[in-house]
Amino acid sequence: MRLLFAFSFGLLFGCGILISGMGNPAKVLNFFDVAGTWDPSLAFVMGGALLVTAIGYRLIFRMQQPLLAQAFTLPTKQDLDTRLVGGSAVFGIGWGLSGFCPGGLVPVLGIGLMEPLMTFAAIIAGMLAARWAISTRYRTDTAQA
């Protein structure tokens, strides 16, 4: 049942990405081109997503427990660290350079163009590099302790 819900919500999200045009990197890149071919539609898509999320959170947190789990699992960490800020910066730079947000990239992977595949490969390489850097730092920190 959980897998069916996950698939359904993923399909809904992918359809929303495609219908809104956010799978087209030119749409995203034009949002950042305020002096040229500026396209404000990304702001409307994000605003709509924020509205749906705000309503969803208010409804969900009125429930005693989630529908498909025993309890809510919420993050407890509240401080900003270099990993969070650095990761956010790399995410934003990659999104601004390629025009593909990872969420918008997945629905267009199967259309046969090279750009989404190259962007996906770069994201995977970045994830592996970050994992390696974190594990190397962890080994160095524990060796010095």
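This is a short talk on the aromatic pairs, two polar side chains and the cysteines of one structure.

Hi everyone, thanks for coming. Please keep in mind that what we are looking at is a predicted model.

Let's begin with the rings. The structure holds 7 aromatic pairs. The one I'd like to show you joins phenylalanine 32 and tryptophan 95, with an edge-to-face arrangement, 6.4 Å from centre to centre and 90 degrees between the planes. What does this pair tie together? Phenylalanine 32 sits in helix H2, residues 25–32, while tryptophan 95 belongs to helix H4, residues 82–98, so the pair links parts that are 63 residues apart in sequence. As for their surroundings, phenylalanine 32 has 43% relative accessibility and counts as partly exposed, whereas tryptophan 95, at 14%, counts as buried. Both residues also belong to one aromatic cluster, made up of Phe31, Phe32, Trp38, Phe91 and Trp95.

Phe31 leads us nicely to aspartate 39, since the two are in contact. You'll find aspartate 39 in the loop between H2 and helix H3, which spans 41–60. Is aspartate 39 buried or exposed? Its relative accessibility is 17%, and because the cut-off for buried is under 20%, aspartate 39 counts as buried. Which side chain does its own side chain meet in a polar contact? That is lysine 27, at 3.3 Å. Setting aside neighbours within four places in sequence, the contacts of aspartate 39 are Lys27, Asn30 and Phe31.

Now over to threonine 119, which lies in helix H6, residues 114–144. Threonine 119 is buried too, with a relative accessible area of 13%. Where does its side chain reach? To the backbone oxygen of glutamate 115, at 2.9 Å. If we leave out residues up to four places away in sequence, threonine 119 touches Ser98, Phe100 and Leu105.

Last topic, the cysteines. How many disulfides are there? The count comes to 0. Why is cysteine 15 without one? The closest cysteine sulfur to that of cysteine 15 belongs to cysteine 101 and is 17 Å away, which is too far for a bond, because a disulfide needs the two sulfur atoms within 2.5 Å. Seen from the other end, cysteine 101 is in no disulfide, and its nearest cysteine sulfur is that of cysteine 15. Cysteine 15 counts as partly exposed at 36% relative accessibility, and cysteine 101 counts as partly exposed at 22%.

That's my tour, and I'm happy to go back to any of these residues with you.

Conventions
Residues are numbered from 1 along each chain as its sequence is written. This is a predicted model: local features need pLDDT of at least 70, side-chain atom pairs count only at pLDDT 80 or more; totals for chains, interfaces and linings use all residues. Side-chain values use heavy atoms; hydrogens and water are left out. Rings of Phe, Tyr and Trp (its six-membered ring) pair if their centres lie within 6.5 Å; planes under 30 degrees apart count as stacked, over 60 as edge-to-face and the rest as tilted. Helices (H or I, at least four residues) and strands (E, at least two) are DSSP runs, numbered from the N terminus. Buried means under 20% relative accessible area, exposed over 50%, partly exposed in between (1.4 Å probe, protein chains only). A polar contact is a pair of N or O atoms within 3.5 Å; within protein, one must be able to donate a hydrogen and the other to accept it, and residues adjacent in sequence count only if both atoms are side-chain atoms. Contact means heavy atoms within 4.5 Å.
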